[in-house]
Amino acid sequence: MKRLPRLSVFALTFTLAGCGEESDQLPVDGRDFDGVEYSDSAPYAGKVIDGYLNNARVWLDMDGDNQYSAGPLTITLENGADVVLESGEPTAMSGPGGEFSLDVSELSVDSVVGPDLDPRDYPLIALAIPGKTLEETRAGDVVITDAFMMSASPGLRNVTPLTTLARFRGLAGLLEGAGDDLADSLVDLNLVRDYVLAGDEQAHAYARALARFMASQMPQEYNDLLAAPGSDGTERFLSPQAAFLLGISVVQNANDVVAIVDEAAGGDYANVDVDSLALPEVPLELSDPKLVTKVRVLAQSERSGELPTNLSDLQVSATLVFDYSEAGRLQSVSAEGCMAPSMLELGRLVSVNGYMARLESQWLPSAALSSQSKVNLDNPGVDERLKFDWANRRIYFDTVTTCHNHEGIFADSSELGGTPEITYSWSEQAGGVVELVAQQEDPLLTRTLELVRAPDSSTAGISDFRLSEEGVELASRAFSGPVDTCVLSSEIAGLDQVVSATRPYDIVGYEPQPSTFVDPVLEFDARVFTDPESGEPVSLSRPLRFGFLDPSTASLGNVSSDGGFEWVMYYASGGQSAINEVQPNLIETAYLKNYGGVRACAREFEEAPSGAFAVVEYGYQSLSDYLLGLLQ
């Protein structure tokens, strides 16, 4: 029988193995099962091991989605021919000793159609079912109380927490053998063998701890579904991306888990009480949202140095990099060059507790127009950073630049990591108000922002606010009327960007207010589409244009402005087909320009301007791609 090439990224093989000389070791590559070689006529047999797991669901993952797929299931061969598996993916329940045997007779293909499907070309998945799967221990059978999922790379037939680690290391593109990313104690282990049969107490302790960690990250809803009467482990719940995230999290946290086991063992792994270990608690966002991970700011004129300027003259003046936890919670924002830390934006982040994907438009645009930003960008290294301490309700802004001197913010040191220039703290008030307090060290100063998040005080991510300094109100913004939803003509209703709604607001506190800055209106896109695949409605809430006042920026020597600015924002082009039905409001590019006054509603939004003070370009990644990038 001819073996097919690997069919997808989920079919990569990866092994980490030591070549020990003990007679009880199984072959290093893990492909033999107790010395029995697979043949065409034999069932595809193997073991499920934490300790040996009896009554666990096992299947051959032929469609690469990490969930059991019932029949009929169509598999496309390399020659383009389709093979239908009426019974679905080969599956079985493990028995005593963790042993399972899959009936793979349906993988035989008529020679006229193509070559047989080889089970060794697909990964094995095993699912421990709460209340039903038994772990065989020295003290007798123990009922598994929390579900966890394990897998093994194609061709391997021991399915264990360690083969799961090995498989997802391979999927992450990590090198075989020793490396800075892998604990020394793991490098010396054969990750793919039957460690129970081999009497390897160290590997067994690691595996049990990893199984506990994996169980801690399984969604409670999935655990409850599997624990329900009548469940047999074939229920589908996880998306392919969610299953992938679970595996990548094992890779990310394996070293920490192993270190905890090592410390508890003190060299005696046989007597480690794995159930009593305080393992890492790592929340994981399994919806795999897109997150803003990089922002590039162009705010330096190549020729005259004066702003605004033609877009062709604008140079990159700053790059911002966003760091997240596995739960998609923002941990820091680091800038080469200068950022423009906005209390309004920080208040928005606080209102969603740092989970960026919960904001309709992530990170509303901002830009530092100081000419020093480009100077700092050209020098290697991070120049500014925002760090988020969600547990203690603190945000720290640290800078080594002179970009914010005009705002009275002076660098405390020539290196990051010292005393932060500003410390933000917050509390939640009645009526949906977030109160954010900024404590500035030099000069000593306290600013307070009250961001109103009540439904009638927030539209398309733009909210009412009040800003005060040392108890004296400096400025405020408040919507002064209801949303005006425009009636769209058929000619523009399906275009990429349409001003389909507006809402007026007032800004006070900037005296004297520019004579041209009157009757500002938020323009946004509030159309509702029907997703062609799901048939579900997709509601847009895209800010397109809003004006604001910033006298301190307008007073910069390289900025020509009367103090009135506006941001105009642009989204993915391509009509309805380009709309992300889950996150349709992610900004792609924003332009900072002089305030342009009131315009008509129910119109196609104008093309990008030819000149601007700044351009902000957004880069997004799915959480799974972001976490994968951290490993590589």
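Here is a walk through this predicted model, from its confidence scores to its strands, a helix and its salt bridges.

Let us begin with how far the prediction can be trusted. The average pLDDT over the chain is 90, and 92% of the residues score at least 70. The N-terminal stretch is another matter: over residues 1–36 the pLDDT stays under 50. Even so, the model gives this stretch 102 contacts beyond four places in sequence, so please read those contacts with the low score in mind.

Moving along the chain, we come to strand S1, which spans residues 44–48. Four of its five residues are buried, so the strand is largely enclosed by the rest of the structure. You can follow its pairing to two other strands. With S7, residues 99–102, S1 pairs in the antiparallel sense over four bridges, and here tyrosine 44 has leucine 102 as its bridge partner. With S12, residues 158–159, S1 runs parallel, and two bridges join them. On that side, lysine 47 stands opposite asparagine 158.

From S12 it is a short step in numbering to helix H1, residues 161–171. What caps the N-terminal end of this helix? The cap is threonine 160, whose side-chain oxygen lies 3.0 Å from the backbone nitrogen of leucine 162. H1 itself is mostly covered, with 11 of its 11 residues buried. Among them are hydrophobic-looking names such as Leu162, Leu165 and Phe168, but also Arg167 and Arg169. Just after the helix, glycine 173 adopts a positive phi of about 75 degrees.Further along, strand S15 covers residues 314–324 and contains leucine 320. Is this leucine buried or exposed? Its relative accessible area is 4%, under the 20% cut-off, so leucine 320 counts as buried. Leaving aside residues up to four places away in sequence, leucine 320 touches Thr293, Lys294, Val295, Val333, Ser334, Ala335, Met339 and Trp363. Tyrosine 591 makes a useful landmark here: it is 271 residues from leucine 320 in sequence, with 17 Å between their C-alpha atoms.

Salt bridges come next, and the structure holds 22 of them. One joins the side chains of aspartate 118 and arginine 120, at 3.2 Å from N to O. Aspartate 118 is buried, with a relative accessible area of 0%, and arginine 120 is buried too, at 19%.

Another salt bridge is formed by arginine 208 and glutamate 135, whose closest N and O atoms are 3.5 Å apart. This pair links distant parts of the chain, 73 residues apart: arginine 208 sits in helix H4 (residues 201–217) and glutamate 135 in strand S9 (residues 134–137). Arginine 208 counts as partly exposed at 23% relative accessibility, whereas glutamate 135 is buried at 6%.

A third example pairs arginine 296 with glutamate 617, and here the closest N and O atoms are 2.8 Å apart. The two residues lie 321 residues apart, arginine 296 in strand S13 (residues 290–301) and glutamate 617 in strand S36 (residues 614–622). Both count as partly exposed: arginine 296 at 35% relative accessibility and glutamate 617 at 28%. Finally, salt bridges that share partners join Glu523, Arg545, Glu566, Lys593, Arg599, Arg603 and Glu606 into one network.

Methods: Residues numbered from 1 in each chain as written. Predicted model: local features only at pLDDT ≥ 70, side-chain atom pairs only at ≥ 80, totals over all residues. Heavy atoms only, no water. Buried < 20%, exposed > 50% of the residue type's maximum accessible area, 1.4 Å probe, protein only. Polar contact = N/O pair within 3.5 Å; in protein donor to acceptor, adjacent residues only side chain to side chain. pLDDT = per-residue confidence, 0-100. Contact = heavy atoms within 4.5 Å. Pairing = 2+ DSSP bridges. Salt bridge = Lys/Arg side-chain N within 4 Å of Asp/Glu carboxyl O.
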